[in-house]
Amino acid sequence: MYDFYLGGRDNYEVDREAAQRVIDFFPDIVPTTRANRQFMHRAVRHLVRAGIRQIIDIGTGIPTAPNTHQVAQEVAPDVRVAYIDNDPIVATHAGAHLLGTGNTGFFLGDMRDPDAILGHPTIGKLIDFDQPVGLLLVAVVHFLPDDAEAAALIAAYRDALPAGSMFVLTHATEDFHSVEAGMGEARDVYRQRGATATVTTRRYEQILPFFDGYDLVDPGLVQIPLWHPDGELPTAEELSHVGTYGGIGVKL
Ligand SMILES: C[S@@+](CC[C@H](N)C(=O)[O-])C[C@H]1O[C@@H](n2cnc3c(N)ncnc32)[C@H](O)[C@@H]1O
């Protein structure tokens, strides 16, 4: 469904039908997911320009070109990327799209199990924990309903990274406009389809502590189109349709 919102082609008829119902209830899902993906591209370029040469992308999603390694390797061809998702459908598409070069790897893993992810042989092959690492948790932490659990997991990943590592986070919010009206019905569509995780939106002051132990890169934690926009600044009208915060932290 996320792939359909992004305009991708790796989706099935049942997904397209359900996604269209979600769009009917909650049209901002489309500009929000697209702004999220564009933020992710800008963030990855920022990391690589800052010297990061190895990235762990947890909750990577169904591959949608350009993927993290393609964005990164356009800036520096030697960047290594380990992709992780807990959805077997992502795994079926990963071989074709995420494993183009020897510098990338994918494995099925759950962000709620940092030991299993950080200790996985693919991580061992691609990531050197003596060098700064880029950690991407992009549009995935809002699938964790409990604040304390989310904070503890993020801290576990942080503690495994050397100083100078960079953490990229995006997170759904209702700070900019209430999504309650259409969101209830949209959640029902996911539930009817057997989705086990729904989105938990959080306020600025709930998301900011996820950067504990990191120095936030300017302009801090902001509505994603406002983070280092390419070209023209987004208009107020465009911003009114995007319910997501994003930011990058540098590990102290
Ligand atoms: C909204 S997509 C985001 C994809 C990509 N990061 C992006 O922002 O374009 C969320 C992805 O997180 C994955 N996900 C959700 N819960 C997860 C978990 N506990 N562990 C690993 N991946 C998870 C889903 O399977 C889905 O592919």
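These are my notebook entries on a predicted model, covering its ligand, some salt bridges and a few single residues.

**Ground rules.** Local features here need pLDDT of at least 70 and side-chain atom pairs count only at pLDDT 80 or more, while totals for chains, interfaces and linings use all residues. I count residues from 1 along each chain as its sequence is written, and side-chain values use heavy atoms, with hydrogens and water left out.

**Ligand.** I started with what sits around the ligand, where near means a heavy atom of the residue within 4 Å. There are 17 residues around the ligand, and Tyr2, Asn36, Arg37, Gly59 and Asp85 come nearest. I sorted the shell and got six nonpolar, six polar and five charged residues. For that sorting, Ala, Val, Leu, Ile, Met, Phe, Trp, Tyr, Cys and Pro are nonpolar, Asp, Glu, Lys and Arg are charged, and the others, Gly among them, are polar.

Next I looked up polar contacts (pairs of N or O atoms within 3.5 Å; within protein, one must be able to donate a hydrogen and the other to accept it, and residues adjacent in sequence count only if both atoms are side-chain atoms). The side chain of Arg37 has an N or O atom 2.8 Å from a ligand oxygen. Gly59 uses a backbone N or O atom, 2.8 Å from a ligand nitrogen. Met111 also puts a polar backbone atom 2.9 Å from a nitrogen of the ligand. The ligand taken alone exposes 600 Å², and the protein buries 89% of that. Areas come from the Shrake-Rupley method with a 1.4 Å probe; for residues, only the protein chains shown count as cover.

**Salt bridges.** How many salt bridges does the structure hold? I find seven (a side-chain nitrogen of Lys or Arg within 4 Å of a carboxyl oxygen of Asp or Glu). Glu13 and Arg16 pair up at 3.2 Å, N to O. They are three residues apart in helix α2 (residues 13-25), so about one helical turn separates them. My helices are DSSP runs (H or I, at least four residues), numbered from the N terminus.

Is Arg158 buried or exposed? I call residues buried under 20% relative accessible area, exposed over 50% and partly exposed in between (1.4 Å probe, protein chains only). Arg158 is buried because its relative accessibility is 18%, whereas its salt-bridge partner Asp159 is exposed at 53%.

**Thr33.** This one is in helix α3 (residues 29-49) and is buried at 7%. A polar side-chain atom of Thr33 lies 3.0 Å from the backbone oxygen of Val30.

Terms used: Helix = DSSP H or I, 4+ residues; strand = E, 2+ residues; numbered from the N terminus.
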